[in-house]
Every structure is written in C-alpha cells, then in structure tokens.
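Student: I've got the structure open and I'd like to talk it through. Start wherever you like.

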Amino acid sequence: MIPSNTILTDDFGRKHNYLRISLLEKCNLRCTYCMPADGIELSPKASLMTAEEIFSIAQTFVENGVDKIRLTGGEPLLRKDFPEIISKLASLEVSISITTNGILIDRHIDVLKQFNVNKINLSLDTLVASKFHTITLRNQFDKVIDNLHLLLNNDFQVKVNVVLMKGFNENEIIDFIKLTQFLPISIRFIEFMPFAGNEWDRSKMVSQNEILSQVEASFSAEDILKLEDEKNFTARAYKIKDFQGDFGIISSITNPFCDGCNRIRLTANGKIKNCLFSNSETDLLTPFRNGESITNLISESIKNKKKVRAGMVTIEEMDDPNLHFDNRSMIAIGG
Ligand code: SF4
C-alpha cells in the first residue's frame, strides 16, 4: 500500500494539494478560444459526476493532502445542483474557490457567502461591449460588469482573467491595468494557449515580454513594482505604485512555471488529468461506481506526470498541432 502522504507527490517532488474540479461541460457563452466553432460532443448526463460523487471523490483527494479546491466548467454556476455541491464540499477541510464568467453571480451570491467561497476568478477578455459580443457571441457585457461590482461590494477577492490575443485585445492591456487604480482586483493576463479546436497559432499570442513592454512604455520604471509571487504561482505578479489592485502574467507558453505545479484536474465525467496539456486521462468515476478504491489510480496518474507541460518542453513542440489534437478543448478541461 502506498503511504497516503506520497500519493499526491510526483517523481519531481511536487506535492499536488490543489484540485480543480470541472462541474460540467456546458457554458452560457461561446468564447472562441475555449469552445470549438462546431461545439463539442457533450458527455451523456449519466456519465457526469453527481453531487454525491463529486463530494466522495474530492474527499479521497482531501484525505491524501488536497487543501484547495477550485470549481470550474464550462460555467460551474450553470449546474442546477451548485448549492448542494458547495454545501457538501464545504464540510471538507479545504478552501473553495470558483472560476466563472460572472453572468450568474447575482443568482448565487448568497450561497457563495454562506459557504465562505470568497475567492472568485472572473473571466473577462475585453472592456468594450461590442468586442465582448465578438469573442463570446453573447450580449452579456453589462451583466458581467454589474456582477464584478456586486462581488467587490460584498468583499469578495476577485481576479479577472484576460486571455490576450493579437488583433483583438492586446490594445486593452493598459486599460485593464488602469482599472486597478481604483478597484482592489488582480488582473491576470494569460498567454493564448493551444487546445483542441481553438485554432491556436503562435502569431496570435501576446507574450509576457510584449505585455511588459507595453507596461514599461506606459508607466515609469519606479512606479512598476514587482510583487513577490505566490507559492505555487501561475501568475508573475506586479503592481503600479499607489494603485489599489495589481496585475500578473500567466506565461504558460513563453515562460512556464511547471517547477512549482501543485495542480491536478478532475473532469466533469470523473477523469483526472495530471497536466493542463496532457492528452492522457485516468478514469476514476467508473471504478468508483464499481465500488473499487481509486487511490492507486490517482497515485499512478501523479507518478506519470511530466516535468514540463505534459512533455512539451520547447515552444516548437507547443507549435505542433498534432500534439494537441487529442487533448480536450478548453471548455471540457476547465482551464
Ligand atoms: S503546464 Fe502542466 S505541469 Fe505545467 S504548470 Fe500547467 S498543469 Fe502544471
């Protein structure tokens, strides 16, 4: 039997204490970098984890060292049983957070407050209403902005995730940073990443260096403060002097941060992925439903984790679409 304190430790000594659970594959937006143009084939409802199964599988991870759970999707707040899922998970010794597009926040804010889910990552790629429609194919910009303010007025900690794409929103980097002058939010600029069906190519990506060049051209050097990065960081953090909020750069392509990776993902149909870019998955739900132990399967998946980006070490490998074809689209991973 594997000692429980090593089940979530990989061959590179990385301890995986952070579980990201996708609650469903559906979304109420159609962001082009996330959802393939033809949609995706949804898993049959019977193969999605129920609230009880989510709780029990999460409990196994918590017993083995997970102390942080993030709920993702698709859009997690679309799950009709979201309050039940949160109430069950809140009985575990974990901090719980969610990543959401923000549209349904007002409907769920009471339950989020009730169960102390006060860290929210909100996806918002533009500050221009017409561009919001272009990227999401839906007219929900005002709703998202209203809900961002609702969260701040209720003392939630909000990180705003911005996927940067050339020709779309790279000219809004400074506008986003200026938002942090008066709002206590963290803006996180994310390099556009390749997933099945999102037509990634390197020329569409805005790199960490390009983001920093814009920042350096707009603010004086002494006003750009490098903050200490969080443990197991994904975003390299900065702040403009005297601004209330801060900003960070998630440079998965040009400057990966896999050395400190503590993340493992559970898909809505109960499979674990040991890396965002991994093509291989381990089914936990079927053995769980058969009454079998899943700890050995979890351990095996963690042991198979590669040092960097599922084995794609160079940017040339990231450029190769054949290496991403078998991965899920982002909507089915949960970011
Ligand atoms: S690319 Fe994979 S290994 Fe690297 S930080 Fe992301 S999930 Fe972790």
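**Helices, sheet and ligand**

Tutor: Let's begin with a helix pair: α6 passes α7 in a right-handed crossing, that is, the near helix is turned clockwise from the far one by less than a right angle. Bear in mind that this is a predicted model, where local features need pLDDT of at least 70, side-chain atom pairs count only at pLDDT 80 or more, and totals for chains, interfaces and linings use all residues. Residues are numbered from 1 along each chain as its sequence is written, and side-chain values use heavy atoms, leaving out hydrogens and water.

Student: OK, at what angle do α6 and α7 pack?

Tutor: About 65°, with the axes of α6 (residues 173–182) and α7 (residues 208–218) 10 Å apart. Helices here are DSSP runs of H or I with at least four residues, strands are E runs of at least two, and axes are lines fitted to C-alpha atoms, with angles from 0 to 180 degrees between N-to-C directions.

Student: Which residues make that contact?

Tutor: From α6 you have Ile173, Ile174 and Ile177, and from α7 Ile211, Gln214, Val215 and Ser218; contact means heavy atoms within 4.5 Å. That's 5 nonpolar, 2 polar and no charged residues, where Ala, Val, Leu, Ile, Met, Phe, Trp, Tyr, Cys and Pro count as nonpolar, Asp, Glu, Lys and Arg as charged, and the others as polar.

Student: Moving on, what about α3 and α5, how do their axes cross?

Tutor: At roughly 20°, coming within 10 Å, for α3 (residues 105–114) and α5 (residues 141–153). This crossing is right-handed. Ile105, Asp106 and Ile109 of α3 touch Lys143, Asn147, Leu150 and Leu151 of α5. Here the split is 4 nonpolar, 1 polar and 2 charged.

Student: And which residues of α1 meet α2?

Tutor: Ala51, Glu52, Ile54, Phe55 and Ala58 do, and their partners in α2 are Glu84, Ile85, Lys88 and Leu89. By class that contact has 6 nonpolar, no polar and 3 charged residues. The α1 and α2 axes come within 9 Å and cross at roughly 25°, and that crossing is right-handed.

Student: Where does α1 sit on the strands?

Tutor: Helix α1 (residues 51–63) lies across β1 (18–22), β2 (68–72), β10 (263–266) and β11 (271–273), and it runs at about 165° to β1.

Student: How many strands are in the sheet, and in what order?

Tutor: There are 12, in an open sheet with mixed pairing, ordered β7-β8-β9-β6-β5-β4-β3-β2-β1-β10-β11-β12. Two strands pair if DSSP finds at least two bridges between them. The edges are β7 (224–226) and β12 (282–283), each pairing on one side only.

Student: Pick a pair for me. Are β8 and β9 parallel or antiparallel?

Tutor: Antiparallel, with 3 bridges between β8 (residues 236–240) and β9 (residues 246–250). For example, Tyr238 has Phe247 in β9 as its bridge partner.

Student: Switching to backbone stuff, which peptide bond is cis?

Tutor: The bond from Gly73 to Gly74 is cis, with omega near 15°. Gly74 belongs to the loop between β2 and α2 (82–89). Also look at Leu137, whose phi is positive, near 60°, although the residue isn't a glycine. Leu137 falls in the loop linking α4 (129–136) and α5.

Student: Last thing, what surrounds the ligand?

Tutor: Phe257, Cys258, Cys261, Arg263, Arg265, Cys275, Leu276, Phe277, Lys305 and Arg309 do, a residue being near a molecule if one of its heavy atoms lies within 4 Å of it. The shell around the ligand has 6 nonpolar, no polar and 4 charged residues.
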